[in-house]
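Trainee: Please take me through one part of this model at close range. I'd like to hear how the rings and charges in it are arranged, and what lies around them.

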Amino acid sequence: MALPLNLRIAISSLSAHKLRAILAMLGVFLGALAFTGVQNISQMMVRNAEIETEKLGPNLYAVVAGKVRFRKSGSARIFNYARTFTVSDAKALAAGVPSVLNYTPFVVQGMPVRGGGNAVTAEVTASWESYTDIRSHKPDIGRFFTREEVERSAKVCVLGRKIATRLFGTPEAALERMVYIYRAGFRVIGVMEEKGRDLSGDDQDEILLMPLTTFMRRASNQYWIDGVFMTLAKGADRAMADESVNDIMRRRHRIGPGEDDDFSTLSAKDAIQLQTQALDLMQTLGGIASGVSFAVGGLGILSIMILMVRARRVEIGIRRAVGGKQGDIVRQFLFEAALMSGIGGTGGVLLSVGLAGLVAKFGGFPYIADPLVVFGTLLASFALGIIAGAYPAWQAARIQILEVLK
């Protein structure tokens, strides 16, 4: 039997049972929507986390003072701060940890900043000149401070783009102006490129950068640092790096057996791993929900096809009487079941692709619609219809002509 004729018969049959057909397709629709939606949005979130990680710096690895706790969102927060980390520790780590390509000790502290007749609270980040390479964050206007300025504790600083705008109106107007932290004045020699928020949620455009020595001697009068940023070689063994850090720091800080560490190691990949674990749970729950919806849809298709077989016994008998074969009857009912399931699955896939586009547009995520997920779901929808329609098709093919025409 030709496909166009099969299609006309199927449409006529489904039109006669519109409400039941729609309810049967609804289960497949929701299953396809749940599965493709969760899969695509999860992949978008993972890719977004990877992009944000790349912004932090290539192969960034950090050792920080105190104990760090990661939230499920992937952000890290120090909950047991320590003042035992020194620049000497940072140098020892850079020399003793394998695969270290570059490093900078750092201090991060929120402080009041005045300039241009305005006042703001900025995240003051003090480091060495290598910060720009390690964190992949460079000046857009002016320049960054040099090694010579670090060594002589020069009273210079570089502003984040938002801080420069809030203090002086425009980033360009900030260059060569003075800003003040308490009573200490610092000359602005550059404005950083726009970077946005990092994985921890901190706005990297709300920072003020200055030489570490300048901060420690002129802004805060402290001897301790918050930690050290390091760039590891590509493919470096994280476990080996952690082991080296533990050996060096516990020995230098005289931490005895059984005593807690006063430092933590972390990398951007730690945040991605936690986010991925949370997304894996979401994908599992989405898979369960879609599986239940597909099962309900399959049962719905099974029930409506059985109903159609009973309602169309005379039609089936007449078709058999005029020469219709059992194979034709089976193919007709399998086609109708697959059509119902395919329409529901296609609708769910199309809506999920549209929703993924909206999430990407308004949530700032990269758009992803995995072709394997999309076409796999469509194939699964049609296959579900064929499976659900197999028994009703078999029943229809077994109908005897004489029983119907009595």
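Mentor: Here is a walk from the overall fold to one stacked ring pair, and then on to the charges around it.

A word on the ground rules first: this is a predicted model, so I take local features at pLDDT of at least 70 and side-chain atom pairs at pLDDT 80 or more, while totals for chains, interfaces and linings use all residues. Residues are numbered from 1 along each chain as its sequence is written, and side-chain values use heavy atoms, with hydrogens and water left out.

The protein has 14 helices and 12 strands; these are DSSP runs numbered from the N terminus, H or I of at least four residues for a helix and E of at least two for a strand. Of its 406 residues, 48% are buried. Buried here means under 20% relative accessible area, exposed means over 50%, and partly exposed is in between, with a 1.4 Å probe and protein chains only. As for contacts (heavy atoms within 4.5 Å), take those between residues at least 6 apart in sequence: 76% of them join residues at least 24 apart.

Now to the rings. The whole structure has six aromatic pairs. To count, rings of Phe, Tyr and Trp (its six-membered ring) need centres within 6.5 Å; planes under 30 degrees apart are stacked, over 60 edge-to-face, and the rest tilted. The pair to zoom in on is phenylalanine 106 with phenylalanine 229: their ring centres are 3.9 Å apart and the planes sit at 10 degrees, so this one is stacked. Phenylalanine 106 belongs to strand β4 and phenylalanine 229 to strand β11 (residues 227-232), so the pair ties together parts that are 123 residues apart in sequence. Both phenylalanine 106 and phenylalanine 229 are buried.

Compare that with another pair, tyrosine 223 and tryptophan 224, which is edge-to-face at 5.1 Å centre to centre, with 85 degrees between the planes. Tyrosine 223 is exposed at 55% relative accessible area, whereas tryptophan 224 has 13% relative accessibility and counts as buried.

Back to strand β4, which covers residues 100-115 and also holds leucine 101. Leucine 101 touches Thr231, Leu232 and Ala233, leaving aside residues up to four places away in sequence. From leucine 101 to alanine 233 is 132 residues in sequence, but 6.2 Å in space, C-alpha to C-alpha. Unlike the buried phenylalanines, leucine 101 is exposed, at 61% relative accessibility.

Next, the charges. Phenylalanine 229 has company on its face: the charged end of arginine 135 sits over the ring, 4.8 Å from its centre. "Over" means NZ of Lys or CZ of Arg within 6 Å of the ring centre and within 35 degrees of the ring normal. Arginine 147 does the like with tryptophan 128, its charged end 4.6 Å from the ring centre.

Arginine 147 also forms a salt bridge with glutamate 129, the closest N and O atoms being 3.5 Å apart. That term asks for a side-chain nitrogen of Lys or Arg within 4 Å of a carboxyl oxygen of Asp or Glu. This pair links distant parts of the chain, 18 residues apart: arginine 147 is in helix α5 (residues 147-151), and glutamate 129 is in the loop between β5 (118-127) and α4 (131-134). Arginine 147 is partly exposed at 35%, and glutamate 129 is partly exposed at 26%. Together with Glu151, Glu129 and Arg147 make up a network of salt bridges.

The structure holds 11 salt bridges, including aspartate 133 with lysine 138, where the closest N and O atoms are 2.8 Å apart. Another is aspartate 140 with arginine 161, at 3.1 Å between the closest N and O atoms. Aspartate 140 lies in strand β6 (residues 139-142) and arginine 161 in helix α6 (residues 161-168), so the pair ties together parts 21 residues apart in sequence. Aspartate 140 is partly exposed at 47%, as is arginine 161 at 21%.
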